[in-house]
Amino acid sequence: MTIDLRSDTVTRPTRGMLKAMMEAATGDDVYGEDPTVNRLQDLLAERFGHEAGLFCPSGTMANQIAINVHVSPGDEVICHRLSHVYNYEGGGIARNSGASVRLVDTPLGTMPSDVIRAEVNPADSHFARTGLVCVEDTVNKGGGAVQDLKVLSEASTTCRGMGMPFHLDGARAWNALRETGEDWTRYGRMFDSISLCLSKGMGTPAGSVLLGSKDFIAEAHRSRKVMGGGMRQVGILAAAGLYAVEHHFDRLAEDHDRARRIGALLAGHDAVERVAPVDTNIVIAQLVRGRQASECVEALTEQGILCSAFGPDRVRWVTHLDFDEEALEQVLAALRDWH
Ligand SMILES: *Cc1c(COP(=O)(O)O)cnc(C)c1O
């Protein structure tokens with residue numbers, strides 16, 4: 001059987017999750033009448049210290065809605081050069097919200113408060129109005145790096161002091177929280193809005209939840225409608241989310257442990273120059289000069305193991321719910337054999 005480590009989005013719903021989906025009470029969510037969607041939105045809002053939540057089809061849409069509500073056309077959004085909102089959302093910041101981007105380039109996707117202070121434009125008509133600061137945790141292109149809580153907290157204080165909204169792309173915030181053990185509510189309160197993916201490490205077929213104040217979520221409803229993201233009896237998906245929050249959060253530690261064991265083996269491999277620190281479930285290896293990522297991907301594919309070329313000389317592996325101890329042994333053996 002193929003072992004797929006291209007992404008943590010490739011997982012299939014488990015039996016327990018499918019059962020929860022089958023039994024979900026549903027209603028028309030565009031009318032706000034799906035009891036299971038409402039339960040998921042309320043649960044996550046409460047756990048993360050926010051007033052309200054909104055179920056969205058994807059993490060991209062949840063981020064794009066947040067940006068759309070926070071900014072006006074012509075505004076500038078501060079985000080990181082490595083960020084998903086900038087790299088992988090189809091230029092949505094400009095296309096959906098008419099905003100431009102101010103890129104920050106710090107190590108591993110961090111957003112220190114002195115950088116924020118330096119990048120926010122002064123209130124002068126020559127400059128674009130800075131409308132939002134975005135941060136990502138964990139940092140996908142940063143090898144699943146976990147943001148330092150103190151740095152986040154200082155960034156939050158700085159943004160609040162400047163009256164600047166602070167958005168978290170928390171597609172993998174679950175992995176960060178599992179690793180740090182930080183209280184969800186304390187963590188959540190640092191941000192004005194949060195998008196959380198349920199279809200990555202949490203293992204549901206689809207869905208993200210956007211969190212924020214009551215007023216913010218009321219506006220987010222309109223944005224979601226405009227983007228075509230209003231869905232009907234999606235309690236079946238929300239039930240998968242509720243199931244995942246209960247059953248799949250603690251086990252993320254297993255994904256992190258397996259990723260570390262892959263990282264440790266790669267760190268000693270002849271073809272590998274360096275492995276990015278493995279904080280969570282993503283392993284990124286920089287190959288030695290002259291080695292191509294595509295060769296590595298092809299060699300492993302022949303052994304029934306899928307991973308991704310992450311640039312010409314970098315390879316990425318992502319561990320997840322459908323990757324167990326036996327599969328890990330196969331991957332470690334294949335990597336030992338690869339020369
Ligand atoms: C996956 C991901 C998203 C959202 O992706 P969708 O595929 O649209 O759900 C957003 N941010 C980060 C950092 C991600 O890894």
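Modeller: Let's start with the word cavity: on a 1 Å grid over the protein atoms alone, a cavity is a set of points where a 1.4 Å probe fits but cannot get out, whereas a pocket is an open set with protein on both sides within 12 Å along at least five of seven lines. Lining residues have an atom within 4 Å of a point. Before we go on, this is a predicted model, where local features need pLDDT of at least 70 and side-chain atom pairs count only at pLDDT 80 or more, while totals for chains, interfaces and linings use all residues. Residues are numbered from 1 along each chain as its sequence is written, and side-chain values use heavy atoms, with hydrogens and water left out.

Biologist: OK, how many cavities of 30 Å³ or more does the structure hold?

Modeller: Rolling a probe the size of a water molecule over the atoms shows where empty space is left. Here, two cavities of 30 Å³ or more turn up. The largest has about 50 Å³ of space, a volume being the space filled by probe spheres set on the points, with grid points joined across faces, edges and corners.

Biologist: Which residues line the largest cavity?

Modeller: His-84, Glu-136, Thr-138, Asn-140, Asp-169, Ala-171, Arg-172 and Lys-200 do. By class, that lining has one nonpolar, three polar and four charged residues. For the classes, Ala, Val, Leu, Ile, Met, Phe, Trp, Tyr, Cys and Pro count as nonpolar, Asp, Glu, Lys and Arg as charged, and the others, Gly among them, as polar.

Biologist: And what volume has the second largest cavity?

Modeller: About 40 Å³. Its lining includes His-80, Met-111, Cys-134 and Glu-136, and it divides into four nonpolar, three polar and one charged. Strand E5 (residues 130-136) gives the largest share, three residues. Helices (H or I, at least four residues) and strands (E, at least two) are DSSP runs, numbered from the N terminus.

Biologist: Now the ligand. How many residues surround it, and which are the closest?

Modeller: A residue is near a molecule if one of its heavy atoms lies within 4 Å of it. On that basis 13 residues surround the ligand, with Gly-59, Thr-60, Asp-169, Arg-172 and Lys-200 the closest. Helix H3 (residues 59-70) supplies the largest share of this shell, three residues. Two shell residues are nonpolar, six polar and five charged.

Biologist: Which ligand atom does the side chain of Asp-169 pair with?

Modeller: Think of a polar contact as a pair of N or O atoms within 3.5 Å; within protein, one must be able to donate a hydrogen and the other to accept it, and residues adjacent in sequence count only if both atoms are side-chain atoms. An N or O atom in the side chain of Asp-169 is 2.6 Å from a nitrogen atom of the ligand. A backbone N or O atom of Gly-59 lies 2.8 Å from a ligand oxygen atom, and a polar side-chain atom of Asn-140 sits 3.3 Å from an oxygen atom of the ligand. The protein covers 84% of the 380 Å² of accessible area that the ligand has on its own (Shrake-Rupley method, 1.4 Å probe; for residues, only the protein chains shown count as cover).

Biologist: On to the open sets. What lines the largest pocket?

Modeller: That one holds about 310 Å³ of space. It has 14 lining residues, and Met-1, Thr-2, Ile-3, Asp-4 and Asp-322 lie nearest its centre. Strand E1 (3-4) and helix H14 (325-337) each supply at least two lining residues, with H14 giving the largest share, three.

Biologist: Where does the lining of the second largest pocket come from?

Modeller: The pocket has a volume of about 200 Å³. Leu-108, Lys-141, Arg-274, Ala-276 and Arg-314 are the closest to its centre among 13 lining residues. Domain 1 (15-247) and domain 2 (251-337) each give at least three of them, the bounds coming from an automatic or database domain assignment. Strand E10 (282-287) gives the most, three residues.

Biologist: Any backbone oddities: what is the phi of Leu-108?

Modeller: Positive, about 55 degrees, although Leu-108 is not a glycine. Leu-108 lies in the loop between strand E4 (100-104) and helix H6 (113-119). There's also a cis peptide bond from Asp-137 to Thr-138, with omega near -5 degrees. Thr-138 sits in the loop between E5 and helix H7 (149-161), and Thr-138 is also one of the residues lining the largest cavity.
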